[in-house]
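Here are three short exercises to work through with the model open on your screen. Have a go at each one before reading its solution.

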Amino acid sequence: MCGFAGYVITKSANDPQRIIELMGDRIKHRGPDGAGYYVDGEVALAHRRLSIIDLEGGSQPMYNEDGSMVLVFNGEIYNYRELREELLACGHAFTTESDSEVILHGFEQYGRGVLDKLRGMFAFVIWDIREKKLFGARDIFGIKPFYYYRDNGEFLFGSEIKSFLDHPGFDKRIERTRIADYLSFEYLPDENTLFQGVYKLMPGSFFEWTEASFTTERYYNPTYAIDENPSLDEWADRIEDVFSESVEAHQIADVEVGGFLSSGVDSSYVVDRVFARGTKIRTFSVGYEEEQYSELSYAKQFSDELGVENISNKITAADFFDAMPDIQYYLDEPLPNPSENPLYFLAENAAKHVKVVLSGEGADELFGGYPNYLAEAHLGNYCERVPRPVRRALGAVAGRLPRFKGQHFLVHGAMEPWERFSRADYVFENDERQQYLKDPITGPTPQERSKCYFEHVEDLDAVTQLQYVDMQTWMAFDILLKADRMSMAHSLELRVPFLDKRVLETALAIPARYRAKDDDSKIALRHAAARHLPERVYGKEKLGFPSPLAAWLREDRYYERVKAAFTGDAAREFFVPEKLMELLDEHKSGRVSNMQKIWSFYTFIVWYEEFFGAGERAGCRA
C-alpha cells in the first residue's frame, strides 16, 4: 500500500528532481516507510511506501529484468502468488517477493491483458523507456484512486490531486460550472473533478500516453448474468464459500491485520469469517459522546461473544468540527458526508495498533442493502403490472392535484428509473439549487448526468439498474473515496473483502428477489450471515452512520462557526449568503432539519479555503 505521483517533463519543470520529490512529499501520509524516485529526460516518478508485503524488498519505482520498464503501484494484488508461479513458468526472473513485481512482469508477458488476471485493489503506472509510452490502470471497483491532469501541454498523474500543487505547470483553477452538480450529488458523477483539467481515471479503466496521443478505455464493466435456478439456501452456500475465501485472501500480509466493527451485518460478517479461520483479530470501533448516536455497545457485545479484543474511541462535537480542515484537505474534493468524520478518528485510533484493517464497504451495493432499493422494488412491481401509457397518464393527473397520500408513488411510477434516480438530487433538487448559487446553472440536470449509466442496463429490472448505477457512482465517488482517504490520512491500509472480483461474480448472478424485496434488504447475504451471527446483528436495519450533527448545528458555538463561513468571502464568491443564512436560521429554530444542505455548503467553503486560500497547504512550493 502506498501512493505515487508523476509527470511528463516539459519546459515548465526547470528542476525535475526537486519537483518530483515535492510531489512525493505532498502524499507522504500514504507511505511514510520509504520514498523512491525515477527521473530521466522524459518522465519523473515518485513513490511513497507503506510496507505490508515483503517488508525488506519491494521498494519502488521497480524495474523489469533489463531495466526497460519502470513501475509505480498503489494497492494489493491478492492472487500474486499464483500469478508469480505462472510468470516463472514463462521464464521471468523475480528479484523480490512482492506483489508489485507480478504486475510488472505480467505486463511484459500479457500487455494490457494482465488487467484481466489481477485480483485486488490497485492503481499503477508503467513507463516503457524504449517505446516512450506510459500505461496506467485502476481496479474494477475504483478502490484505489487515480487522477491525471491534462492542460496547457502538461500531463501529471498521481494517487491524490494535492500532489499536483507542487508542479509549476499545474494551473490551479476551480471548475465553477460543476458546483451545481456537487450540490445535488455530493460529488461529480463522472470523470471530472472540481479542479479544471483534472480528471479521475474511471474504475475498471486504463490509459495510454505517448507524445502524440492520449487514450483511455474501459477494460471491465460489471455484467449481470442472473441465475434463477438456485434456492435461497443454495445462494447462501455460494456467498459463504466465496466470501470466506475472499476474507482469507484479504488477510495476506507480513504485518498484523485488524478489522473495523460497527453494529451492522457487513463488518460483523467480515470479523466472523476471520475468526472462523482461527485467526486472532483486533477490532476497532468509534462512537460519539452522545450515547443515543453511539453503536459502541453493540460492537463491544459482539466482540466479547467472539472472544476478540475491541478497541474503541469516542469523539466530541469539538473533535468533529476542528478536524474539518484536515479532513477536506485529505479528501482532495469536497465531500459533505458526515460519516467521514468519525471514520477519520476511527482510522487514527486503529493506526496506533495495526497497519491494515478489513472493512465492510461494498456489501450494500452488491447485495442490495439500501432503503431506496426497497422503494424501487415496490415501484418496479407497479410498473410491471400497469402499462406505461396508463402510468404516464396517472402520474400527470396526480402531479396537478393537491398533495395526497400516494401522490409521490404515482408521479414516480410514471417515470423511467433514470428519471426518478434518488441519488441525483440526494441533497438539492435541480430547480432548488439555483436560489443558492451566485452564477446561473447551465448544462444537464442531475438525472440527465446519470442517464448514461442507466443506458448500460436498461434491459434489467429497476432494482438491478439502481445497484449498477450506485456501483459506478455513489460507491466509487463517495463510499470508497472517503474510505481510502480517511484511512490513508493516518497511513492505514483499508481492505474491502466484499469488493472482490469473485464475490462480485456471485452477486451479479443473484435474482433481485433475493437482494431487495418488500421490506427486506440484502436477503441472500443476511441468509448466509444468519448461520453464524446473532439475529440482532444479521437482522439489524441499516442505519448508515448516524451523527449528532443536526443537534450540534443548533448550539450557539457551532451555529456561529458556520455563520462565519456563510457570511465570509468564499460564500460570497459562489453563493447567495442571505439564502445560506435562511437555511441555517431555519434549522436553528428547530422548525425543520436542514442539516445535510447546510453541511454541503459548509464543507465546500472549508475545502475551498484549504485549496484556494492563502495558506501554505494551498500553495505551490516548487
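**Exercise 1.** Find the strand that holds Arg 48, then work out whether Arg 48 is buried or exposed.

*Solution.* Start with the address: in this predicted model, Arg 48 sits in strand β3, residues 43–49. Next, check the accessibility. The relative accessible area of Arg 48 is 6%, and buried means under 20%, so Arg 48 counts as buried. Now look at what surrounds the residue. Leaving out residues up to four places away in sequence, Arg 48 touches Cys 2, Asp 25, Pro 32 and Tyr 37, among others. Gly 31 is also one of these contacts, and its backbone oxygen lies 3.1 Å from a polar atom of the Arg 48 side chain.

**Exercise 2.** Trace the open sheet of 6 strands and say which strands are at its edges.

*Solution.* Go through the order: β4-β5-β6-β7-β11-β12, with antiparallel pairing. The edges are β4 (62–63) and β12 (213–218), since each pairs on one side only. Zoom in on β4: 2 bridges join it to β5, residues 69–77, and Met 62 stands opposite Leu 71 in β5. Finally, add helix α3 (residues 100–110), which packs on the sheet and touches β4, β5, β6 and β7. The direction of α3 makes about 125° with that of β5.

**Exercise 3.** Compare the reach of helix α12 with its expected span, then find what its buried residues pack against.

*Solution.* Helix α12 (residues 371–385) has 15 residues and reaches 22 Å from first C-alpha to last, close to the expected 21 Å. Its buried residues include Tyr 373, Leu 379 and Cys 383. The buried residues of α12 pack against α11, α13, α14, α16, β18 and β19.

Methods: Residues numbered from 1 in each chain as written. Predicted model: local features only at pLDDT ≥ 70, side-chain atom pairs only at ≥ 80, totals over all residues. Heavy atoms only, no water. Pairing = 2+ DSSP bridges. Helix = DSSP H or I, 4+ residues; strand = E, 2+ residues; numbered from the N terminus. Contact = heavy atoms within 4.5 Å. Axes fitted to C-alpha atoms, helices over the stretch in contact; angles between N-to-C directions. Expected span 1.5 Å × (residues − 1). Buried < 20%, exposed > 50% of the residue type's maximum accessible area, 1.4 Å probe, protein only. Polar contact = N/O pair within 3.5 Å; in protein donor to acceptor, adjacent residues only side chain to side chain.
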